[in-house]
Amino acid sequence: MNHIHFFRRFMTANLLLIHTFSFAQEQVSGKVEDINHKPLVGATVQILGTTEGTVTNTDGIFSILIEKDDKLVLSFVGYQNDTIAPVFGQTKHYKLIESNIQLGDIVVEAESSSLDEFDAKHTELILESELLKAACCNLSESFETNASVDVSFSDAVSGAKVIRLLGLDGRYVQINRENIPLVRGLSGRYGLGFIPGTWIQSIDLGKGAGTVVNGYESMVGQINLEFKKPENSEKLYVNAYANSFGRFELNTNFATDLNEKWSTVLLAHGDYFDFELDRNDDGFMDLPRSRQINIFNKYKYQGDKFVSQIGYNVLRDEKAGGQNGFDFGSDHLSSEFYGFSNNTTRIEVFGKTGLLFPHKPYKGWGLIYSGSYQKIESGFGRRLYEGEETTFYGNLIFQNIIGNSFHQYKTGASILYDDFDEVFQNSSFNRQEIVPGAYFEYSYLPGEQFSLTAGSRVDYHNLFGTYFTPRIHARYQIKPGVNVRLSGGRGYRTPNAITENIPFLISSREFIVQEELEPEVSWNTGGSLATFVKIGQKKVNLVFDYFYTYFENQMVVDQDASSDAIFISNLNGDSYAHSFQLESSYDITERLKAKAAYKYYDVRTTLAGELRRVPYISRDRLFFNLEYATKFEKWKADATVQWFGRKRLPNTSDKPEIFQQDGFSPDFVLVNAQISRGFRWGNIYLGSENLLNFKQDNPIIDAENPFGENFDASIVWGPVPGRLVYVGLRYKIKRQ
Amino acid sequence: MKVINTLAFALITLSIQAQEGKINRVEIQTSAVCEMCKDRIEYDLAFEKGIKFADLNLENKILTVEYKTGKTSVETIKKRIAKIGYTADEIHRIPISYENLPACCKDGAHDDEGHHEEQH
């Protein structure tokens with residue numbers, strides 16, 4: 001009671017305060033941009049001589065209450081501060097000049113991966129210079145130099161890499177491309193391989209429950225990808241890559257202004273790998289043959305009243321692996337070889353339209369939409385799978401302020417239509433999801449000291465009923481550079497029993513879905529402390545974070561009950577993940593930077609009535625990264641060393657003795673390294689993944705009899721192919 | 001006397017040039033105006049053959065360059081600066097390069113300190 005009373009009094013006092021202020025103060029707004037008119041998002045706007053301030057929104061726009069003679073200090077990481085005398089009654093554009101920059105390309109001196117200081121959510125920003133450290137090939141590998149995301153092989157045959165965040169499968173992470181949900185549904189498992197690394201300009205990685213604006217599917221985190229932009233990408237960017245396995249890749253990006261208002265970007269990717277790579281001589285290819293054509297094209301219109309974007313993405317990806325001799329187009333049923341194939345065709349059309357109010361920059365309407373069709377044809381030995389998915393997504397967003405820019409909100413409505421047609425081993429499964437929803441998200445942004453975002457959404461799912469998704473994020477600044485964050489929220493997703501368990505199909509196990517699967521539902525809570533300690537003149541940045549995910553329901557995969565089958569069911573009991581991470585970064589010299597991290601995971605789920613550790617997860621993991629660059633990155637080198645603690649492996653005690661596995665994998669070390677030489681036109685690079693050539697011995701159980709009862713390629717805890725050496729070239733022609 | 005002086009100077013110059021790999025230091029007066037110009041010039045020269053070091057002092061617009069005498073010459077460096085869009089001592093900037101510079105790097109862009117209230 002006392003607390004409530006105090007809270008009320010506090011609130012009343014606060015409201016009065018704002019009220020009295022508003023007599024003397026006046027609203028002023030402006031837009032902060034760089035010299036190329038690109039809006040600076042999250043730039044700090046502070047009233048000179050005070051600690052009051054705000055930050056710019058996603059369009060670089062701020063509005064703030066100030067007194068007549070107040071001056072504002074504009075600042076942004078990597079840019080020179082500027083003090084301005086704002087003009088009332090109009091939205092002026094203010095340009096900030098980059099402080100350590102060369103030619104509008106890569107910010108050399110800014111940290112390439114860092115925590116967004118003022119965001120209420122725990123969000124790491126990964127810039128292009130960080131992405132370049134992993135030269136190959138697609139989004140999953142982009143995280144190999146990041147401490148928060150784990151990347152590993154999913155099985156011994158498909159060559160697919162999967163990610164984990166907070167100890168949980170990547171399917172619980174919502175992946176968006178510029179706020180359009182992307183890697184989901186049937187491509188949830190392999191979709192990361194359909195996003196070439198060179199298409200990405202930057203990545204926002206949010207840990208914990210994400211914003212409600214983008215839906216209910218971000219259960220443990222949110223990854224938002226910013227692709228190369230029509231308005232400011234290089235005119236031409238070519239990345240050619242070849243590696244010692246015999247894989248070739250070519251990425252070509254074009255961007256140009258069509259006229260004053262229209263601009264376009266065309267991203268084209270092709271890769272080709274057609275060798276029987278069998279370094280462990282088990283008769284199986286360590287990586288499947290693969291080829292991919294992937295085209296992305298987007299147009300942007302920038303007017304005074306509205307901004308609009310429209311684009312499409314077309315993809316064809318083919319993989320053929322398994323026993324040596326199995327080729328593209330081989331027939332699974334008649335082939336003498338055990339084959340693996342996975343062919344995906346995907347077409348997507350998407351767009352965004354934003355309606356602006358030039359005199360009220362804080363106000364706006366936005367419409368985001370996409371429609372896609374994808375078809376997946378797969379084979380695993382004699383088992384065949386075919387799936388088709390048609391998706392439509394629409395999200396209408398309205399944003400505005402309440403009184404002043406300290407109080408902002410976003411509200412809107414969304415619709416998801418998802419139609420699945422799947423055929424597996426001659427049984428067909430159809431599912432049609434129609435999910436209308438509405439949401440409201442309020443942000444209190446009084447300045448650098450504190451920020452709070454609280455939102456919730458209600459969706460009505462035609463098959464599973466009402467989803468209620470509350471989320472909250474708060475940040476408090478103890479002192480500059482030291483922030484505490486807390487977050488909590490609920491998330492939902494519909495599991496896809498077959499495509500999300502493809503690794504287990506590459507075995508002699510019978511695939512048994514024991515019951516009708518319910519949606520996966522989880523609560524995630526956690527927090528972080530970002531701080532620093534000083535060693536002499538230099539700062540060591542430290543980030544501690546802890547997150548706890550608890551499942552109300554989950555698709556549980558039981559590989560332990562029998563080595564002859566894989567059982568898939570709803571959760572019956574507890575399932576949770578504790579995740580703790582300590583990350584530190586330190587600039588040893590201006591040119592030499594070091595990062596180190598320790599992670600601890602405790603991930604358990606109830607399998608056949610017993611709470612057990614989830615297999616394939618290292619409880620402990622260490623990560624080190626060292627980066628050296630000469631001025632203007634003429635020479636650049638980096639190395640990542642990771643230690644993975646032992647992982648629990650599924651029970652194989654019911655197999656004949658020669659095929660039994662230990663209960664735990666050994667621990668192991670992986671090293672990646674790369675060196676590049678810059679030129680005016682771009683750079684050339686040479687690097688290696690798995691430099692120490694560490695390989696899992698006998699990743700496939702009974703590889704000699706793939707059609708026999710003991711065959712199993714799904715028990716994979718380490719790298720299957722060994723050392724990889726690659727070379728490549730990046731050529732750029734800059735935009736004027 | 002004058003002839004001898006000229007000859008001696010030419011000889012010294014030649015002997016310096018003959019010493020492959022010797023590092024020479026030169027100061028060049030440029031027409032740079034802002035931080036952006038400084039980065040533009042230093043970035044470009046970092047990738048120029050034979051140049052070991054380049055630093056522009058914005059207060060007096062003097063660029064200090066260290067270069068390997070066998071690999072490049074003062075003349076080549078000045079021409080390169082002209083190509084970036086800036087006058088280097090007696091070598092006048094190339095007009096088309098100058099035209100392509102961003103607004104803040106042009107003459108007079110900072111005279112009124114008004115760059116932060118530039119109109120859109």
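## A walk through chains A and B

A:Asn179 sits in the loop that links strand E13 (173-177) to strand E14 (180-181) of chain A. Helices (H or I, at least four residues) and strands (E, at least two) are DSSP runs, numbered from the N terminus. What you are looking at is a predicted model, in which local features need pLDDT of at least 70, side-chain atom pairs count only at pLDDT 80 or more, and totals for chains, interfaces and linings use all residues. Residues are numbered from 1 along each chain as its sequence is written, while chains are lettered from A and ligands numbered from 1 in the order in which they are written.

### Three loop residues in chain A

Back to A:Asn179: although it is not a glycine, its phi is positive, at about 70 degrees. Most residues other than glycine have a negative phi. A:Asn179 counts as buried because 20 other C-beta atoms lie within 10 Å. The cut-offs are 20 or more other C-beta atoms within 10 Å for buried, 12 or fewer for exposed, and partly exposed in between, with C-beta atoms placed from the backbone.

A:Asn690 is not a glycine either, and has a positive phi of about 55 degrees. This residue belongs to the loop between strand E41 (682-689) and strand E42 (724-733) of chain A. With 18 other C-beta atoms within 10 Å, A:Asn690 is partly exposed.

Is A:Asp281 buried or exposed? A:Asp281 counts as exposed, because it has 8 C-beta neighbours inside 10 Å. Its place is the loop between strand E19 (262-273) and strand E20 (289-302) of chain A. From A:Asp281 to A:Thr252 the separation is 29 residues in sequence and 36 Å in space, C-alpha to C-alpha.

### Chain A as a whole

Chain A contains 4 helices and 42 strands. Its C-alpha trace spans about 85 × 65 × 55 Å along the principal axes. The radius of gyration of chain A is 26 Å, which agrees with the value near 27 Å for a compact globule of 736 residues. That radius is taken over C-alpha atoms, and the globule rule is 2.2 Å times the number of residues to the power 0.38.

Of the 736 residues in chain A, 46% are buried. Two residues are in contact if their C-beta atoms, placed from the backbone, lie within 7 Å. Among the chain A contacts with a separation of 6 or more, 63% are between residues 24 or more positions apart.

### Strand pairing

Two strands pair if DSSP finds at least two bridges between them. In chain A, 3 strands make an open sheet with mixed pairing, in the order E4-E1-E7. Strand E4 (61-66) and strand E7 (92-96) of chain A each have a single partner strand, so one side of each is left without a neighbour in the sheet. From one strand to the next, the twist averages 35 degrees. Here axes are lines fitted to C-alpha atoms, for helices over the stretch in contact, and angles run from 0 to 180 degrees between N-to-C directions.

Some antiparallel pairs of chain A are listed here.

| Strand pair | Bridges | A bridge partnership |
|---|---|---|
| E1(A) and E4(A) | 6 bridges | A:Gln27 with A:Leu65 |
| E40(A) and E41(A) | 7 bridges | A:Phe679 with A:Gly682 |
| E41(A) and E42(A) | 8 bridges | A:Leu686 with A:Val727 |

E40(A) and E41(A) form a hairpin, with 2 residues between them.

### Nonpolar cores

A nonpolar core is a set of buried Ala, Val, Leu, Ile, Met, Phe, Trp, Tyr and Cys residues joined through C-beta atoms within 7 Å. Which members of the largest core touch the most other members? Of its 83 residues, they are A:Ala156, A:Ile163, A:Leu165, A:Leu168 and A:Val220. Apart from this core lies another, of 21 residues, including B:Leu56, B:Ala88, B:Leu101 and B:Cys105.

### Chain B

Chain B has 4 helices and 3 strands, arranged along the sequence as α-β-α-β-β-α-α. Of its 120 residues, 26% count as buried. In helix H3 (residues 74-84) of chain B, the buried residues are B:Ile77, B:Lys78, B:Arg80, B:Ile81, B:Ala82 and B:Ile84. They pack against strand E1 (23-29), helix H2 (35-46), strand E3 (62-68) and helix H4 (95-99) of chain B. Just after H3(B) comes B:Gly85, with a positive phi of about 125 degrees.
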